[in-house]
4 protein chains.
Amino acid sequence: MTRRSLAIVGGTVIDGNGGAPIPEGIVLIEGSRIVDVGPSTLKVPAEAKQISAIGKYVIPGLMDANVHLFFAITPDGLIRYEGRYEDVVAEAAQLSLKNGLTTVFDTWGPMRALRAVQRRIDNDEWVGSRIFLAGNIIGLGGPTSPDFLPQARTVLARSEADAIDLEWEQGAGPELLWMTPEQVRSRVRDYVGTRKPDFLKYAASGHSGAHMQYICFSAEVQRVIVEEGHAAGLTVQAHTTSPESLRMEIDAGADLLQHPDITFKAPIPEGTLRRIVDRRLPCAALFATRRYLDWMRAHASQLLKELHITRDDNDRRLVEAGAVVLLTTDSGVIPANSADHPLNGEFVGADDLPSELGDGHFRWLQAAGELGLKPMDALMAATRNIARAYKVDRDLGTLEKGKLADILILDRNPLEDPANYRSIHQIIKDGRQIDRSALPTAPLLTRSAAV
Amino acid sequence: MTRRSLAIVGGTVIDGNGGAPIPEGIVLIEGSRIVDVGPSTLKVPAEAKQISAIGKYVIPGLMDANVHLFFAITPDGLIRYEGRYEDVVAEAAQLSLKNGLTTVFDTWGPMRALRAVQRRIDNDEWVGSRIFLAGNIIGLGGPTSPDFLPQARTVLARSEADAIDLEWEQGAGPELLWMTPEQVRSRVRDYVGTRKPDFLKYAASGHSGAHMQYICFSAEVQRVIVEEGHAAGLTVQAHTTSPESLRMEIDAGADLLQHPDITFKAPIPEGTLRRIVDRRLPCAALFATRRYLDWMRAHASQLLKELHITRDDNDRRLVEAGAVVLLTTDSGVIPANSADHPLNGEFVGADDLPSELGDGHFRWLQAAGELGLKPMDALMAATRNIARAYKVDRDLGTLEKGKLADILILDRNPLEDPANYRSIHQIIKDGRQIDRSALPTAPLLTRSAAV
Amino acid sequence: MTRRSLAIVGGTVIDGNGGAPIPEGIVLIEGSRIVDVGPSTLKVPAEAKQISAIGKYVIPGLMDANVHLFFAITPDGLIRYEGRYEDVVAEAAQLSLKNGLTTVFDTWGPMRALRAVQRRIDNDEWVGSRIFLAGNIIGLGGPTSPDFLPQARTVLARSEADAIDLEWEQGAGPELLWMTPEQVRSRVRDYVGTRKPDFLKYAASGHSGAHMQYICFSAEVQRVIVEEGHAAGLTVQAHTTSPESLRMEIDAGADLLQHPDITFKAPIPEGTLRRIVDRRLPCAALFATRRYLDWMRAHASQLLKELHITRDDNDRRLVEAGAVVLLTTDSGVIPANSADHPLNGEFVGADDLPSELGDGHFRWLQAAGELGLKPMDALMAATRNIARAYKVDRDLGTLEKGKLADILILDRNPLEDPANYRSIHQIIKDGRQIDRSALPTAPLLTRSAAV
Amino acid sequence: MTRRSLAIVGGTVIDGNGGAPIPEGIVLIEGSRIVDVGPSTLKVPAEAKQISAIGKYVIPGLMDANVHLFFAITPDGLIRYEGRYEDVVAEAAQLSLKNGLTTVFDTWGPMRALRAVQRRIDNDEWVGSRIFLAGNIIGLGGPTSPDFLPQARTVLARSEADAIDLEWEQGAGPELLWMTPEQVRSRVRDYVGTRKPDFLKYAASGHSGAHMQYICFSAEVQRVIVEEGHAAGLTVQAHTTSPESLRMEIDAGADLLQHPDITFKAPIPEGTLRRIVDRRLPCAALFATRRYLDWMRAHASQLLKELHITRDDNDRRLVEAGAVVLLTTDSGVIPANSADHPLNGEFVGADDLPSELGDGHFRWLQAAGELGLKPMDALMAATRNIARAYKVDRDLGTLEKGKLADILILDRNPLEDPANYRSIHQIIKDGRQIDRSALPTAPLLTRSAAV
């Protein structure tokens, strides 16, 4: 295969570093990488295929700091897609890419299927967002465990449910909560060594709605997990849902705070907020629009309402305090049969649902504007900040010489109105132009389910 | 295709009519039908392929008056086999045939899939037991309805559960319980006319364990259903589970009593028993072995224990009174993942489970012996009695000239020991020799399920 | 005690027979009975205590054809009032009387407590409405049975729950559904002979929301129950909730139709409606106001909404067809802790709740007006019709010589506006003036519960 | 009242300090206190009433380090005894005393009722064991909370359930899990200052069977609670159920380890065991007999079986390592209606149930022997060790001059056979002879409940 050479010309280039956009700029690409970015005076090689971006906006490919590419975790989903988990993951990765996410970070899922799809995408066999994956959230169980949908176990054979959960847990499941620090160290070392996750996520607090106030691991254990991650060169983050679990995560040395804004019954304590800001800890905060919050106030259970009011207040304080924020959606594909599914969270029908994969990231950007985040900061939250937080900024996150050519061309200026992120004209990933209309190539969840 | 000609020679022929067996008898077959049965002096055409039955026993193919060829009705089964219900039905029909059941009567199932398999078998496209089917039990709901496993609706999308139930209900479901006699007449007429069931079954009483004391239809409505069935030339039977529902079924004019022995909290009243015997009403009674009853006494819930003790007492009284009994198992395929499935009836692990398709009929015959039914009567219960009760005795049920050639050759004498029904040497159905070793051709439920 | 002599003078007397009211009429009372009713020319004995009704309206005491004086049947109520059921019943009978109901018919309750209170009231030991009682609804279970609140059995000792249920069932409970007609006859005869109910009520259909389509007793059994009631000189009524159970009740010969308007998923069939009207069968129909129906449409579950829309439609058709209707509320005392009680029917907070004892009968009268029942017919529905239907019209139901002196004096004309039934000036029962302000004398349920 | 003077003479005196028993010893008492203990040569004042203990054994009154005097926490109990919680507590305190427990430590209960009974007993108004009480387990909820029997909330009005829970929580409930260390400090300080508990207990781990692996409070918060307890002169203990929560409790500085042997899915880590032994931390371990363990192996759910096998293994290791152990039962009165109560733990019918108040302490002593604890150490575990651990050994725990006269006279030698603790001849508490036959004075839970 000959080396591709592309030149995006004539567009306003916003490189993701926060500086002034380059009017009528040029981005030169060879193969999968950017070889130059500059003003209209930049020389375009003759052999380069020219892509006109006149009147348009050229930005780095968007990133999402938290997705779940396999989220068909109700019993029917788990059974219906038996043997086809890879297809389900692929569909999600294609929905993501189609909507401008060139890179996503999967923070909990069935590792073998995720890995298989990740490799196929990396090898250009399949089209889809670039995937980084954590595998399990260390200390949590799989889909049918008490941490997620234990109702499944009222209708599935126990051995089958066990086998399903193991696809997620991979030896780093809830049994770790009974262990001493050194026993956990051994398990995490083994997990890192054999499953080779791209980053680590552990449960600092419980996951289910009724367990969010509990601490999963002592401070000693949390430090052990972070140490083992760092020793293997991995970033480490935690699932936290309460003020103390958030504080413990920070004390343990986490690199990235995943939904620090979920503190549910109490706000982020002022002291903790100060440390977050002062230490410039990246905050993957679950921004949501006013419209979503209004829906919650009107329709949600007391628990969810309270959680979201606190979250929103935390988000506002994080923005005001100047915290480093990352676009994060905690999203999954919403299947066609969700509307009347009894195990769907009550929120599935909500207006502006943030956790709908393929659209949630646009809603996040909308919410960021509503919360007062500056347009350029929002753009960086969706690009460079994530790349840096996950320590993949050598290759990703900005339009700079030497980086991978993950690029969006937008019809309208995203700095003027966050809704303009939706005006995708073209997506380039790894230096290749993506045919959005073909995605997803084989829809499973996103078409109507039929008996 | 040239016409097949077979001669089974040298075996003891028990023709199903109750007379003395023919030693060293001969059964001549041309095409799908028996053309002659007689002693060793009978002339065997030269072109006939001879099958030696020397030292063996030749009997009519066995029949089961009540099976459910599709019984994967837990939510995981319903979802796992989406789009493959026909394969599931075929597997069951093959398990049946492999074990000597040349004809089965399916009394509740997904009609379209059952019909499709029935046709393929009738057309010699697929191998399997001959199927007669009722479709729905008129007045009951589908698998996820309160009549069966409503727990399914806690984990399945409502619209999907509705669609599944409709596959069973076919317009003759629980909504009929709200109707007047004439409204029910119209519905049944439509059901008979458009779904073309082979026989009718209706719910005289409720189905779930908590509803067995209730009457589903008034006497007037029951008469209407029987009238409509008879007008269309169909036999009619009812689901009954209590003394009064049994009496009402008889009053309504049912042709065949399906599990009249299930009267749960009270025995069959003496007067009802007398009418059953005097009118020679065919009783498809759920005989079970002592071993099964012992298991129930030791392990079952109070409800099940009580039900089975009453049932067994009824069975003994029916046999003693000389009632016409039919082999019936109410059986389905027990899937490989049943052992630890929370929705399996508690009885699934029972010793001598009568409702295990493929084996239950042997257990029925064993139980018949234990209950004191004479060996020849037991054989007729499994053959001629069923054919007559279902009014298909023009073609089926005995080894007689003109009947379809459904024949078993057994290694040992079934009149000596009911266990000898298991000693199947050869099965001939429709005049064809069946390759038992190839069945089931594509096992689904009967192999281990894996994620 | 000397014989009391009262004269109510100067009021408009509406005697309950449907004729023109007597302006400035006089009602003379001696002891517990009315000795004369007539125009102002009637001679008032000198010794009579005169009660001025000038400008007011004198009507027969109101009656309710269906109440439950003990309705604290949630587990906490059953336990909290252990040993005090009589006090609970007395409170209800006093709330009734205070609001103008001089006679109530209790159709399901704990017989011993009801009987004890009935006797105390009859003996003038306690003040309260006159009570007639059925005891159990033959064929139904007690409060913790599947017919009512089986959830209780998840939190109560089994033996205690059993003992509670027996207080209601009294040997005529759900076990009758397993019996033959003659067995039921024996049980009912025993129940009538030993428990001495004032009238009989039996379950023609199931009671819980999920069982309303089922028939409890065959036609034969229903006839047996009616025969036994009639043989003992008792009126008989049935609980029906579907078109067929209503028809069967009528066929069985019931004297009074209790909530024939509850047919839930289907309207009363036209033929049945005709028979009801033609045979002048008394219909204790659960009229409810537009406001209640609106609340149901807005707030209720699909099941309840459907039930009430059908009910209301039936009510309108009954009125239009000229059926004989009776005031009936199926009411109980709503305890002070109902607002946030998880076992309260969803309807407890409804506007214009018809089943609130003490107020529901006023709402019924309001609804009767909205449904187009003529004012005088409504008054008779609440008085004479009930007395006749229950065959106690020798003593009750009208203001006539020889009848018991159960009388209301209203400030405003009830024929002008049904709201005027609330304008109670004075209540006389058994010839005694009731001190309404003292009732209930010892409130239990109607004051706030405290730990 | 004149000062009582008693002399127990002639018995073998075992003073609880571990030294050789005094044969034919004398214990002199004046008022509520022991004034001398010595050999037969000790001079007995003339005015002293002599109690002969010839051939008998004189030991300190027994103590239980963990009881729940109010344990009628099923919904029916909570409601049935509304307004009578003090009577329930008194019955338990009398059952305890009757069986030789002169002092008990109540570690979770309704504080106001417990306090009221404690005061009445202290003031000699009522008879019963001496009570020390913690009130709530800081961080846990009341009886109807998820920590205990949330099923109650399916049948009780929410406001009533809330009010019940507050009786236990007293401002130190589950809301503390959402707080920062300083917020918890403020709450605990307030709790100590206003509720004046006798000692503190907090939840280091979750309570319900499904939450035992979770940590309730961070290390910082645990230290704060211990600091506040110590600042107020109170001993502090924690509820722990896992290896890490046990370690955290020790690190936090707890004075007494409550059930350190409950580590459920994993044994006490060796390092933790060493620290416990080396620091002589008092271990209130839930010893149980072989018979109980056998019952558990045969009948219990997987969860309970596992918990008890681990517990027993821990107990054996604690004894072998020479840990300081305390008699503890975590017991409550088992009501008469327990046998068929659906909310009774599955263990209620177990052989040798350790948690049956009034008998459990005898079983503990039996188990101590089986586990190899030396007889004298077992006696001290039930007396002096507890007094020291709770820092009440100035007054309690041994037979020594100046201590309160809490004394048992046994017929047989407890050092020969632990069953001999049951041979209670006489109980003296506070210098008074207890009439055991009169206890409990007004049985509520311990007689049969009737409707």
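The following dialogue reads the contacts between the chains of a predicted model.

Q: What scores does the model carry, and what is the mean pLDDT of chain A?

A: The model is predicted, and it scores ipTM 0.96 and pTM 0.95. For chain A, the mean pLDDT is 96, with 98% of the residues at 70 or more.

Q: Which residue numbers enter the contact between chain D and chain C, that is, how many from each?

A: Contact here rests on heavy atoms within 4.5 Å. By that rule, chain D contributes 26 residues and chain C contributes 26 residues.

Q: How should the buried area between chain D and chain C be read?

A: Buried area is the accessible area that two parts lose on being put together, summed over both. For chain D and chain C the figure is about 2,100 Å², and carbon and sulfur atoms account for 58% of it.

Q: How many salt bridges are counted between chain D and chain C?

A: The cut-off is 4 Å between a side-chain nitrogen of Lys or Arg and a carboxyl oxygen of Asp or Glu. Four salt bridges are counted between chain D and chain C. One of them joins C:R80 to D:E82, with an N to O distance of 2.3 Å. There are also 12 residue pairs in polar contact between these chains, both residues being at pLDDT 80 or more.

Q: Which elements of chain D supply at least two residues of the side that touches chain C?

A: They are α1 (75-80) and α4 (158-169) of chain D. The largest share comes from α4(D), with five residues. Sorted by class, the side of chain D that touches chain C holds 13 nonpolar, six polar and seven charged residues.

Q: What rotation superposes chain D on chain C?

A: Two copies of a chain are related by a rotation about an axis and a shift along it. In this case the rotation is 180 degrees, the shift along the axis is 0.1 Å, and chain D superposes on chain C with an RMSD of 0.1 Å. The two copies are therefore related as by a two-fold rotation axis. Within chain D, D:R80 has the C-alpha nearest the axis, 2.7 Å from it.

Q: Why can the copies be said to meet through the same surface?

A: The reason lies in the shared residues: 100% of the interface residues of chain D are also interface residues in chain C, so the copies meet through the same surface.

Q: How many residues, and how much buried area, belong to the contact of chain B and chain A?

A: Chain B gives 26 residues and chain A gives 26 residues. Together, chain B and chain A bury about 2,100 Å², of which 58% is on carbon and sulfur atoms.

Q: Which polar features link chain B and chain A, and how many salt bridges are there?

A: Four salt bridges are counted between chain B and chain A. Among them is the pair B:E160 and A:R80, whose closest N and O atoms lie 2.9 Å apart. The interface also has 12 residue pairs in polar contact, both at pLDDT 80 or more. On the side of chain B that touches chain A, α1 (75-80) and α4 (158-169) of chain B each give two or more residues. The largest share, five residues, is from α4(B). By class, this side of chain B divides into 13 nonpolar, six polar and seven charged residues.

Q: How far apart are the nearest C-alpha atoms of the chains that do not touch?

A: Chain A and chain C do not touch, and their nearest C-alpha atoms are 14 Å apart. Chain B and chain D do not touch either, with nearest C-alpha atoms 14 Å apart.

Terms used: Residues are numbered from 1 along each chain as its sequence is written. Chains are lettered from A and ligands numbered from 1 in the order in which they are written. Side-chain values use heavy atoms; hydrogens and water are left out. Buried area is the accessible area (1.4 Å probe) that two parts lose on being put together, summed over both. A polar contact is a pair of N or O atoms within 3.5 Å; within protein, one must be able to donate a hydrogen and the other to accept it, and residues adjacent in sequence count only if both atoms are side-chain atoms. Helices (H or I, at least four residues) and strands (E, at least two) are DSSP runs, numbered from the N terminus. Ala, Val, Leu, Ile, Met, Phe, Trp, Tyr, Cys and Pro count as nonpolar, Asp, Glu, Lys and Arg as charged, and the others, Gly among them, as polar. pLDDT is the predictor's confidence in each residue, from 0 to 100. Copies are superposed by least squares on the C-alpha atoms of residues with pLDDT of at least 70 in both.
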